Amino acid sequence: MEKTKFLTSLVVLTLLLPYANATLSEPKAKKHFVLVHTAGHGGWSWYKIVALLRSSGHNVTALDLAASGINPKQTFQVPLFSDYLVPLMEFMASLPAHEKVVLVGHSYSGLAITKAMETFSAKISVAVFVTALMPGPKINVTTVYDELIRSVSIPDNSFRFDNGPTNPPTTFIPGPMYMATNMYQRSPFQDLTLAYTLVRPTHFYTVEDVSKEVVITNNRYGSVRRAFIVAVEDRLLTKEFQRLMIQKNPPDEVEEIQGSDTMMMMSKPQQLFFSLIRIANKYN
Ligand SMILES: *[C@@H]1O[C@H](CO)[C@@H](O)[C@H](O)[C@H]1NC(C)=O
Ligand SMILES: *[C@@H]1O[C@H](CO)[C@@H](O)[C@H](O)[C@H]1NC(C)=O
């Protein structure tokens, strides 16, 4: 048992050797990280980060939003954006009042954590936007959501919509070519292969529905500390758009990860892990 523990520590140490100085000198306070996946994906997409955080003694919850990952709902059962967010909102509500979590949202789920920040501002020590949609008082939900829709609507059938090209779609899912060239292009081929078997359709929420659901106030959303981690090689939300959101809605902290595609947890897990620990320690 002790031997296994020792070996595990050894492996983790070796993995983190380049960051050892910074990581090991930090105080060892245990944190609770709540990780929210992007559209089509599930809690599974964080598996490398979950392993790294747990190995370092932190509590991690990588939840599945509705009709995602192994959540039993189907897209037709979750027609409203509020339905999609139920697992996150229920989880946040279940946390004891005195407990604060590090809330992390990836890409599309910037909208999900924004909603949680507004509703549960006192339960979040810091919110981390991992190359994520980050609406704010000067860049509204409509603007950021439209950018995402534009990005996935490139007319080469890169995303598959279920309702034909002319009718309003009810679901969308990234096509295999799009995933290979525009999402996982810097990630190990194994992770793309895993994603091919696990990605599910997402209900296509209307911009009206999403903007009604995600409301931002200075008192609540504005009271939560915020960090943004830029994925320099993101082809879904370009670095120019990430920087626009940062400029219009400046967070407390900005980090950049070179060589990261949009799937930062797949392409640059150690760098992302290190950033998360640093941010969590800073905004205690
Ligand atoms: C993680 O946090 C949750 C929520 O507070 C708690 O119920 C659970 O016991 C914690 N798990 C560990 C391993 O500390
Ligand atoms: C969102 O912002 C855009 C650009 O500033 C503006 O044209 C639009 O009316 C705004 N929408 C809402 C719902 O406030």
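Me: By which rule are helices and strands assigned, and how many helices are there in the protein?
Reply: Helices (H or I, at least four residues) and strands (E, at least two) are DSSP runs, numbered from the N terminus. This is a predicted model in which local features need pLDDT of at least 70, side-chain atom pairs count only at pLDDT 80 or more, and totals for chains, interfaces and linings use all residues. Residues are numbered from 1 along each chain as its sequence is written, chains are lettered from A and ligands numbered from 1 in the order in which they are written, and side-chain values use heavy atoms, without hydrogens or water. Beside 9 strands, the protein has 12 helices.

Me: What percentage of the residues in the protein is buried?
Reply: Buried means under 20% relative accessible area (1.4 Å probe, protein chains only). Of the 284 residues in the protein, the buried share is 56%.

Me: What distance does helix 12 reach from its first C-alpha to its last?
Reply: Helix 12 covers residues 269-282, 14 residues in total. The expected span is 1.5 Å times one less than the number of residues, here 20 Å. Among the buried residues of this helix are L272, F273 and I277. Close to the expected value, helix 12 reaches 20 Å.

Me: Which residue has a side-chain N or O atom 2.4 Å from an oxygen atom of ligand 2?
Reply: The residues around ligand 2 (a heavy atom within 4 Å) are N140, T142 and T143. A polar side-chain atom of T143 lies 3.5 Å from a ligand 2 oxygen. The 2.4 Å distance belongs to N140.

Methods. Buried < 20%, exposed > 50% of the residue type's maximum accessible area, 1.4 Å probe, protein only. Polar contact = N/O pair within 3.5 Å; in protein donor to acceptor, adjacent residues only side chain to side chain.
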